Amino acid sequence: MILPKNNRLSAEEVAQLTAIVGEFGCRIQPIVGDVRTIYAIVGDERHELMISRLEGLPFVDRVDTIQSPHKLMDIKSDLARHRVKVGGVTLGDELLVMAGHCTIDPKNPNLFYETAQAVKEAGAHALRGGVWKPRTNPYAFQGDHKSLDILMEGSRRTGLPVDTEVMDEEQLKLALAAGVQVLQIGARNALNYSLLRQVGAAIAGRPTAVLLKRGMHTGTLNEFISAAEYIVNFGNPNVILCPRGTQPGLDGYRNHPDESITPLLKERTWAPVVIDPSHSVGKAAYVPACALAAVAYGADGLCIEAHVEPARGLGDDPKQAVTPAVLAGLITRAKALHALRRSAAVS
Ligand code: PEP
Ligand code: MN
């Protein structure tokens, strides 16, 4: 829909619009009002170049598009019936809980094995464990590829699938070869379109899922859903959207908690939403409340940093990881809230 700066356009101006949209197989339909005339674009209006050229015209105020730019991720797409499964849980039916270390310590594998067993007993359905870490400080521990074996051993011992972050093609290949079931794209790479394409291509034809974090500076829903579209476009629709807080943070919280984005995502896309309260609030004491708020807002799952002995952890674990006992209490309450929400939704 083209909204002109003046109340109506001259015949020459309409001819210019018609010529531009005609190049993209569309036509112009004026909608004449008493005071103002607006101009509908009839046809497939998802051509970015067409919209930019129209917006560049000096007599055009703005162009509003009705069609979603997300051909696959849109709630009305044919994929809307697709269900993503992780660790025996069909997202949307049951609340998925993924839990484990921020960072696996390659020198202390037993800590991860103990955490893996403990989070399983607490009710988690999948393990998380950082092998390669995106660190702000270049001198901080960057992870170690040896931790991949520890991660997979934790999976074997518990029978739970694992989630780990990959930041480049080599890590992607190693993770897939090792059998990682959920690939995490971190907040820092949320808009790394080359990586998103590589991941999409690499998982095509596999059962692998992707946990796509929301970029920490990402503002719009469109950017977030478009990033998922990059992956799904290669043929594997097992993508999970993961809000994890945005910057700047609230005074006292690491990031600005953004679980309230969930209903907005759900209005636009069919993709399941799994909230990461750990990176949102950044402190173990605040994690349970944020997790419950996420479930209240409609989240399909939670991804939580947990550790048997947070003080001995690496990366975020000393400050962010909850203990298995806290996790168990949180899961019980989160599941009850999820059940309540679902029963309210059907009644
Ligand atoms: C993480 O999951 O440990 C992590 C670094 O996440 P994010 O990309 O959300 O910061
Ligand atoms: Mn972390």
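## Around the ligand, then out along the chain

Let's start at ligand 1, which has 13 residues around it, the closest being Arg 128, Lys 133, Ala 187, Lys 213 and Arg 244; a residue is near the ligand if one of its heavy atoms lies within 4 Å of it. Keep in mind that this is a predicted model, where local features need pLDDT of at least 70 and side-chain atom pairs count only at pLDDT 80 or more, while totals for chains, interfaces and linings use all residues. Residues are numbered from 1 along each chain as its sequence is written, chains are lettered from A and ligands numbered from 1 in the order in which they are written, and side-chain values use heavy atoms, with hydrogens and water left out.

Which side chains make polar contacts with the ligand? Arg 244 brings an N or O atom of its side chain to 2.6 Å from a ligand oxygen, Gln 184 does so at 2.8 Å, and a polar side-chain atom of Arg 188 sits 3.0 Å from an oxygen of ligand 1. A polar contact here is a pair of N or O atoms within 3.5 Å; within protein, one must be able to donate a hydrogen and the other to accept it, and residues adjacent in sequence count only if both atoms are side-chain atoms. On its own, ligand 1 has 300 Å² of accessible area, and the protein covers 98% of that (Shrake-Rupley method, 1.4 Å probe; for residues, only the protein chains shown count as cover).

Lys 213, one of the closest residues to the ligand, also has a protein partner. Its salt bridge is with Asp 276, with the closest N and O atoms 2.7 Å apart (a side-chain nitrogen of Lys or Arg within 4 Å of a carboxyl oxygen of Asp or Glu). Lys 213 belongs to strand 11 (residues 209-213) and Asp 276 to the loop between strand 13 (274-275) and helix 9, so this bridge ties together parts 63 residues apart in sequence. Helices (H or I, at least four residues) and strands (E, at least two) are DSSP runs, numbered from the N terminus. Lys 213 is buried at 4% relative accessibility, and Asp 276 is buried at 0%; buried means under 20% relative accessible area, exposed over 50%, and partly exposed in between (1.4 Å probe, protein chains only).

The structure has 14 salt bridges, so let's look at another two. Arg 214 pairs with Asp 258 at 2.8 Å between the closest N and O atoms, and their two loops put them 44 residues apart. Arg 214 is buried at 7%, as is Asp 258 at 5%. Glu 153 and Arg 156 meet at 3.2 Å, N to O, and being 3 residues apart in helix 4 (residues 147-158), they are separated by about one helical turn. Glu 153 is partly exposed at 22%, whereas Arg 156 is exposed at 58%.

Now for the rings. There are 2 aromatic pairs (ring centres of Phe, Tyr or Trp, the latter by its six-membered ring, within 6.5 Å; planes under 30 degrees apart count as stacked, over 60 as edge-to-face and the rest as tilted). Tyr 193 and Tyr 230 have centres 4.5 Å apart and planes at 20°, so they are stacked. This pair links helix 6 (residues 193-203) to helix 7 (residues 221-232). Tyr 253 and Tyr 286 have centres 5.1 Å apart and planes at 65°, so they are edge-to-face.
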